[in-house]
Amino acid sequence: MAHFQCKSYQDRSVVIIGLGLTGLSCVHFFLEQGVVPRVIDTRTKPPGLEQLPENVECHCGSLNNQWLQECDLIVASPGIALATPELQQASMNGVEIVGDIELFCREVDAPIIAITGSNGKSTVTTLVGEMAKPSGISVGVGGNIGIPALSLLNQGHQLYVLELSSFQLETTTSLQALAATVLNVTEDHMDRYPSGLEQYREAKLHIYDNAQNCVVNAQDPLTLPRHKMKVPYISFGVNSGDYYFDTQKRVLVAKGEVLLDVDSIHLTGQHNYTNALAALALADIAGVDRSASLDVLKHYTGLEHRFQLVLFNNGVRWINDSKATNVGSTEAALNGLKVDGVLHLLLGGDGKSADFSSLKPYLAKKNVRLYCFGKDGAQIAQLEPEKAHLTETMEQGIRYLAPLIKEGDMVLLSPACASIDQFKNFEQRGAIFAQLAKELG
């Protein structure tokens, strides 16, 4: 692995694009190396601006092309596309472009478990981190979730568990994971990948480069490394795979051994059972004690906004799956879902140029009613116009459906869209849903 010692940054002029927590972690990283970087953020008042040390120049409101063309190294935020003309021009001029994960991988001296996928990666990352803790392993959990990777350095961790997005993987070349997984590949961020699904998948598959073990989804051929790698493959899935969920007996099985009954864990839904299996496979590779892992699994209640039960009242379940910001995530929630009464499904927001048609078979079921809202609500409603109620906002949809619910029903927010057309983020959308559930349910 190419290790870049501190001195190699010493005489280089560095520009960081994007502030926020990740940008600040990059700033502090370089200051510790004795390098004062410059910072660019296209927002006029980016988060973290007030925490920026006084000696660090910051250009806000646009890309400062002069800075970009005259520097040696650009550290790009995952939020900016490499196809941006200014970045393309800098690259042609020989400027090196990396991300924070690449900087992290050059410095790290402990094994990394690397996790990506269109859906489920935050749940799996958190689970693996929780499983490692009781074994007495000092574990750093972060990346695309929670703590930026660079902020985890120099804390004496013996293991790192990183959630990585496709955008982060595009600017990473030095990752050598102990175990790497692509949990699934479904359409997302098509606004950033004009060539379509294959281009998006290509970015995800970088996670396997130089990995010692690959964990793949037995049901999703798109998660397989493109080239036959000479490292062990371990698979997880439903009714097949090295680690699998047996739908008949409703148990989790690893290499022929029954591990536990799914009714003994808090996580619900087939997609969550496969997430649990992926986490177990990764924890096993990391040498985590299996009984400790299973114990964590029994007590783990899941992450907020991810198929989270926020209210159970009068026989009605209100489920907040606001993190379903793409079509595949909503499909995962609906696949194998059992509802005795009517499923009242809230869909809508900013679809990021996605194709919603794969939802049609789920929406066509007799007991499903649709409440569509936001920027792309009308487009989704067209899939089943007879049973869709269209409103401008999510709140209007919830207030409309609340008087209609009966015992045995489920109200599910699993929007298949980003929240940015009407909310600050998916967390705010989920919090408002939970608040309305408690008020109206």
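Helices, here, are DSSP runs of H or I with at least four residues, numbered from the N terminus. In the predicted model, helix H10 spans residues 290–299 and includes His299. This residue, His299, counts as exposed because its relative accessibility is 54%, and the cut-off for exposure is over 50%. Although 277 residues separate His299 from Thr22 along the chain, the distance between their C-alpha atoms is 31 Å.

Helix H10 is packed against helix H9 (residues 270–285) at an angle of about 155°, and the two axes lie 10 Å apart. The pair is therefore roughly antiparallel, since angles over 145 degrees fall in that class. The crossing of H9 past H10 is right-handed. On the H9 side the contact involves Ala276, Leu280, Ala283 and Asp284, which meet Arg290, Ser293, Leu294 and Leu297 of H10. Sorted by class, the contact of H9 with H10 comprises five nonpolar, one polar and two charged residues.

A second helix pair is formed by H2 (residues 20–32) and H5 (residues 100–107), whose axes are 10 Å apart and which pack at an angle of about 40°. Helices H2 and H5 are therefore oblique to each other. In this case H2 passes H5 in a left-handed crossing. Helix H2 contributes Thr22, Cys26, Phe29 and Phe30 to the contact, while H5 contributes Asp100, Leu103 and Glu107. The class composition of the contact between H2 and H5 is four nonpolar, one polar and two charged residues. Helix H5 is largely enclosed by the rest of the structure, because seven of its eight residues are buried. The buried set consists of Asp100, Ile101, Glu102, Leu103, Phe104, Cys105 and Arg106.

The model also contains an open sheet of six strands with mixed pairing, in the order E15-E16-E20-E17-E18-E19. Strands E15 (308–313) and E19 (388–390) form the edges, each pairing on one side only. Averaged over the sheet and with direction ignored, neighbouring strands are turned by 15° against each other. Helix H15 (residues 426–440) packs on this sheet, where it touches E15, E16 (316–320), E17 (343–348) and E20 (410–413). The direction of H15 makes about 10° with that of E15.

At one edge of the sheet, E15 and E16 run antiparallel and are joined by five bridges. Within this pair, Gln308 stands opposite Asn320 of E16. The two strands E15 and E16 form a hairpin with two residues between them, and Asn314 in the turn has a positive phi of about 50°. At the other edge, strand E18 (residues 368–373) pairs with E19 in the parallel sense over three bridges. Tyr371 stands opposite His389, a residue of E19.

Outside these elements, Asp246 is located in strand E12 (residues 243–246). Asp246 counts as buried because its relative accessibility is 13%, and burial requires a value under 20%. With residues up to four places away in sequence not counted, Asp246 touches Asn239, Val251 and Val253. From Asp246 to Leu404 the C-alpha distance is 36 Å, with their positions 158 residues apart in sequence.

Terms used
Residues are numbered from 1 along each chain as its sequence is written. This is a predicted model: local features need pLDDT of at least 70, side-chain atom pairs count only at pLDDT 80 or more; totals for chains, interfaces and linings use all residues. Side-chain values use heavy atoms; hydrogens and water are left out. Two strands pair if DSSP finds at least two bridges between them. Axes are lines fitted to C-alpha atoms, for helices over the stretch in contact, and angles run from 0 to 180 degrees between N-to-C directions. Contact means heavy atoms within 4.5 Å. Angles under 35 degrees count as roughly parallel, over 145 as roughly antiparallel, 65 to 115 as roughly perpendicular and the rest as oblique. A crossing is left-handed if the near helix is turned anticlockwise from the far one by less than a right angle, and right-handed if clockwise. Ala, Val, Leu, Ile, Met, Phe, Trp, Tyr, Cys and Pro count as nonpolar, Asp, Glu, Lys and Arg as charged, and the others, Gly among them, as polar. Buried means under 20% relative accessible area, exposed over 50%, partly exposed in between (1.4 Å probe, protein chains only).
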